[in-house]
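Please look over the model below before reading on. The report takes the ligands, then the strands and one helix, then the domains.

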Amino acid sequence: MNLENVLESIKPLDKHSMDLCKTHLDSLTKPIGSLGVLEDLAIQISGITMNSKPIIKQKQAFVFAADHGITEEGVSAFPQEVTKQMVLNFINGGAAINVLARKAQTPVTVVDIGVNGDLIIEGLVQCKVAHGTKNFSKEPAMTREQAILAIETGILLTTEAINRGVDLFIIGEMGIGNTTSSSAIVTALTNAPLEDTVGCGTGISTDSLQIKRSIIKTSLEKHKPNANDGLDVLSKIGGLEIAGMVGVILACAANRRPVILDGFISGAAALIAQSLSPLSVSYMIPSHSSVEPGHRVIYQKLTLHPFLHMNMRLGEGTGAALAIHVIESSLQILHEMATFADAGVSNKNL
Ligand SMILES: Cc1cc2ncn([C@H]3O[C@H](COP(=O)(O)O)[C@@H](O)[C@H]3O)c2cc1C
Ligand SMILES: O=C(O)c1cccnc1
């Protein structure tokens, strides 16, 4: 499916399944609504899957890696080659996402969608759209065609995984410099002040933070990305890994599969997906709230509420991997808890 078909296929959640799920939750041995977010998640996943008792059997993490020309401006605490080095670490199973995904029994697929350098590594999915983006303080990060190609890469990988039976997705990324790109996207799409959208990423100094903000400000003045056109925003100031994640989100929405968002950068991808298809937001499951300040701005615009508050600021899909445990718990409640009738517990509001 190409991007256009995917956007046309996205439909609202199934209200009937959600109502049935809520009725069942209300019949379980607990005060109504007392399991809070666990209940909300079960209801949302019912609406997504059109099944009032959904089951998750196969999970999949996609980690998209790409480089950013904007690193030339000194916006990260780390050099660009760390992207490539971390790809090897992912493949060898030694990164944080590998550990947390293993714990959640979720396979990790690493996708080179735009790393600067040729990587021939067994196990790495090679879908390079470009050798990194251009320095967007000087010229557009990529062409519109490249942005679409990278989104369609995410769509293709997701569709293939769905055909293999995957029923829950998590997204993550690796790309030195990508908090600068994400902050630019969030500013362009929300108009929020730079103080609220730009943070320290990997840990830059306060002086570098001022430079990061001023680069974003002048780049936005230069390119004037159209806030009503997610593809314009993505191509002028975005990243190829961000585009890949947009593709996963949209393909999940089109195929009625839940997709767990991760930190700040996956949130920037979610905002692009929202601008291309407002309906896609109901298929997104938030996970944690990042230390990066702009993450709060993202959640406000999406009207989603993260349920994990872990002081994390890593990305890679780590927060999303943790959220799998909560989501699986919510469905286990739905399947295994006794009803008032089954357990012989009085169900009367006095
Ligand atoms: C060793 C290492 C592992 C990482 N894993 C994720 N990130 C995170 O940090 C980067 C974004 O921050 P900035 O915009 O400041 O460069 C991204 O690659 C993100 O995934 C990492 C960063 C480092 C250094
Ligand atoms: O929240 C994130 O995903 C994040 C924050 C800082 C650096 N890298 C990732």
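Which residues are the closest to ligand 2? This is a predicted model. In it, Gly-263, Phe-264, Ser-290, Arg-313 and Gly-315 are the closest to ligand 2, out of 13 residues that surround it.

**Ligand shells**

Around ligand 1 there are 18 residues. Ser-76, Thr-179, Gly-201, Thr-202 and Gly-315 come nearest. Three elements give two or more residues each to this shell: α4 (81-91), β4 (168-174) and α7 (178-190). The largest share, three residues, comes from α7. Gly-315 is among the nearest residues to ligand 1, and Gly-315 is also among the closest to ligand 2.

The table gives both shells by residue class.

| Shell | Nonpolar | Polar | Charged |
|---|---|---|---|
| Ligand 1 | seven residues | nine residues | two residues |
| Ligand 2 | three residues | seven residues | three residues |

**Strand β4 and its partners**

β4 gives residues to the shell around ligand 1. Is this strand mostly covered or mostly uncovered? β4 is mostly covered, with seven of its seven residues buried. In a regular strand, side chains alternate between the two faces of the sheet. One side of β4 carries Leu-168, Ile-170, Gly-172 and Met-174. The other carries Phe-169, Ile-171 and Glu-173. Both faces are covered.

β4 pairs with β1 (residues 59-66). The two run parallel and are joined by seven bridges. Val-63 stands opposite Gly-172 of β4. β4 also pairs with β5 (residues 259-260), again parallel, through two bridges. Here Ile-170 of β4 stands opposite Ile-260.

**Helix α12**

α12 covers residues 264-276. Why does its length agree with expectation? At 1.5 Å a residue, its 13 residues should span 18 Å, and the end C-alpha atoms are 19 Å apart, so the two values agree. The helix is mostly covered: 13 of its 13 residues are buried.

**Domains**

The chain is divided into domain 1 (3-54 + 334-343) and domain 2 (59-325). Their centres, taken over C-alpha atoms, are separated by 29 Å. The contact takes 15 residues from domain 1 and 18 residues from domain 2. On the domain 1 side, α1 (3-9) and α3 (36-49) each supply at least two residues. α3 gives the most, with six residues. By class, the domain 1 side has 11 nonpolar, three polar and one charged.

Methods. Residues numbered from 1 in each chain as written. Chains lettered and ligands numbered in written order. Predicted model: local features only at pLDDT ≥ 70, side-chain atom pairs only at ≥ 80, totals over all residues. Near = placed C-beta within 6 Å. Helix = DSSP H or I, 4+ residues; strand = E, 2+ residues; numbered from the N terminus. Nonpolar A, V, L, I, M, F, W, Y, C, P; charged D, E, K, R; others polar. Expected span 1.5 Å × (residues − 1). Buried ≥ 20, exposed ≤ 12 C-beta atoms within 10 Å, placed from the backbone. Domains from an automatic or database assignment. Contact = placed C-beta atoms within 7 Å. Pairing = 2+ DSSP bridges.
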